[in-house]
Amino acid sequence: MRIDKLLANMGYGTRKEVKGLLKTGNVRVNEEPVSSPKLHVNPEKDQVTVYGETVDYREFIYLMMNKPAGLVSATEDASEETVIEILQPEDLVFNPFPVGRLDKDTEGLLLITNDGQLAHRLTSPKKDVGKTYFAVIEGEVTENDKEKFLHGVTLDDGYVTKPAELSILSSGPVSEIELIITEGKFHQVKRMFEAVDKKVTYLKRLKMGNLGLDHDLHPGEYRELSDEELHYLKELTNL
Ligand code: URA
């Protein structure tokens, strides 16, 4: 990879700015000052420093966020604050984006990455990756609803949902449930409950496959995935 591309990818400025930086003589490859933007480096092997600081190059970033209510899951939005806007500058340089969407009022597990292939596979309905949600429901959730969800319910646009696993945690005028779905239609969980005449009043995603939300993350906090978690996701999606 060219040194100017590597440095630009790592947030040291545009290609033009990086060219200027190289001219200052403060970029070294294996301790030798370099000035040519065309120089090829091997990010795995060569040691690159800028002002004496080692550049820890990597292509991809994988973050787990506990999405807070009130932010939209998008990279940009004309009127609303996005989950990307609360990331630190050192993470923003990777141009990450959210994997799939959670509604503005939904909380919980949101993956943020710049690995398009992984993101695509995690959200593809073909892959059948189960997403587990916790929800508070206005209305009494019954064994009958459980059966209906298992066989598929018809949403307001006529779409029949794939089998979904409903667990009733508590049932009464207000119920608490967990639901595992393998698809991600627009407002899917809310619309599934509307299909059985009930209303979701709180929604939080707990898991994608077996990757669970880190309960130490408060809403709005995030961290990088551990090697183990990333390995699990790659296996899950056959990458
Ligand atoms: N289903 C919904 O209705 N909303 C979400 O944010 C996620 C799933």
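# Notebook: charges, salt bridges and turns

I began with a patch of negative charge on the surface, which is formed by Glu 76, Asp 77, Glu 81 and Glu 85. For such patches I took residues with over 30% relative accessible area and no salt bridge, joining like charges within 9 Å; Lys and Arg count as positive and Asp and Glu as negative, while His and the chain ends are not counted. The place of each charge is NZ of Lys, CZ of Arg, CG of Asp or CD of Glu.

Before going on, I note that this is a predicted model, in which local features need pLDDT of at least 70 and side-chain atom pairs count only at pLDDT 80 or more, whereas totals for chains, interfaces and linings use all residues. Residues are numbered from 1 along each chain as its sequence is written, and side-chain values use heavy atoms, with hydrogens and water left out.

**Entry on the two patches.** I looked up Glu 76 and found this residue in the loop between strand S5 (62–67) and helix H3 (89–92); helices (H or I, at least four residues) and strands (E, at least two) are DSSP runs numbered from the N terminus. Glu 76 counts as exposed because its relative accessible area is 70%, where buried means under 20%, exposed over 50% and partly exposed in between. Accessible areas come from the Shrake-Rupley method with a 1.4 Å probe, and for residues only the protein chains shown count as cover. I then turned to the positive charges and found that Lys 16, Lys 19, Lys 23 and Lys 38 gather in a surface patch. Of these I followed Lys 23, which lies in helix H2 (residues 15–23) and is exposed, since its relative accessibility is 68%.

**Entry on salt bridges.** I searched the whole structure and noted 13 salt bridges, each being a side-chain nitrogen of Lys or Arg within 4 Å of a carboxyl oxygen of Asp or Glu. One of them joins the side chains of Asp 4 and Arg 2, at 2.9 Å from N to O. Asp 4 is buried, because its relative accessible area is 4%, whereas Arg 2 is partly exposed at 29%. I also found that Arg 2, Asp 4 and Arg 15 are linked in a network of salt bridges.

Another bridge brings together the side chains of Lys 146 and Glu 143, with 3.9 Å from N to O. Both Lys 146 and Glu 143 lie in helix H5 (residues 143–151), three residues apart, which is about one turn of the helix. I recorded Lys 146 as partly exposed, with a relative accessible area of 31%, and Glu 143 as exposed at 55%.

I next looked at the salt bridge between the side chains of Arg 191 and Asp 157, which is 3.1 Å from N to O. Which distant parts of the chain does this pair link? Arg 191 is in helix H6 (residues 188–195), and Asp 157 is in the loop between H5 and strand S9 (165–170), with their positions 34 residues apart in the chain. Arg 191 is buried, with a relative accessible area of 11%, while Asp 157 is exposed at 55%.

**Entry on positive phi.** Most residues other than glycine have a negative phi. I therefore looked for exceptions, and Asn 30 has a positive phi of about 50° although it is not a glycine. Asn 30 lies in the loop between strand S1 (27–29) and strand S2 (32–33) and is partly exposed, because its relative accessibility is 39%. Tyr 51 also has a positive phi, near 50°; Tyr 51 is found in the loop between strand S3 (48–50) and strand S4 (53–54) and counts as exposed at 56% relative accessible area.

**Entry on distances.** I checked Asp 46, whose place is in the loop between S2 and S3, and which counts as partly exposed at 25% relative accessibility. The C-alpha atoms of Asp 46 and Asn 30 are separated by 6.1 Å, although the two residues are 16 residues apart along the chain. Leu 166, found in strand S9, is buried with a relative accessible area of 4%. From C-alpha to C-alpha, Leu 166 and Pro 98 are 26 Å apart in space, and they are 68 residues apart in sequence.

**Entry on domains.** The domain assignment, which is automatic or from a database, gives domain 1 (3–54), domain 2 (62–125 + 211–236) and domain 3 (130–208). I noted last that the C-alpha centres of domain 1 and domain 2 lie 29 Å apart.

Key:
Patch = residues over 30% accessible without salt bridge, like charges linked within 9 Å, V, L, I, M, F, W, Y side chains within 5 Å. Buried < 20%, exposed > 50% of the residue type's maximum accessible area, 1.4 Å probe, protein only.
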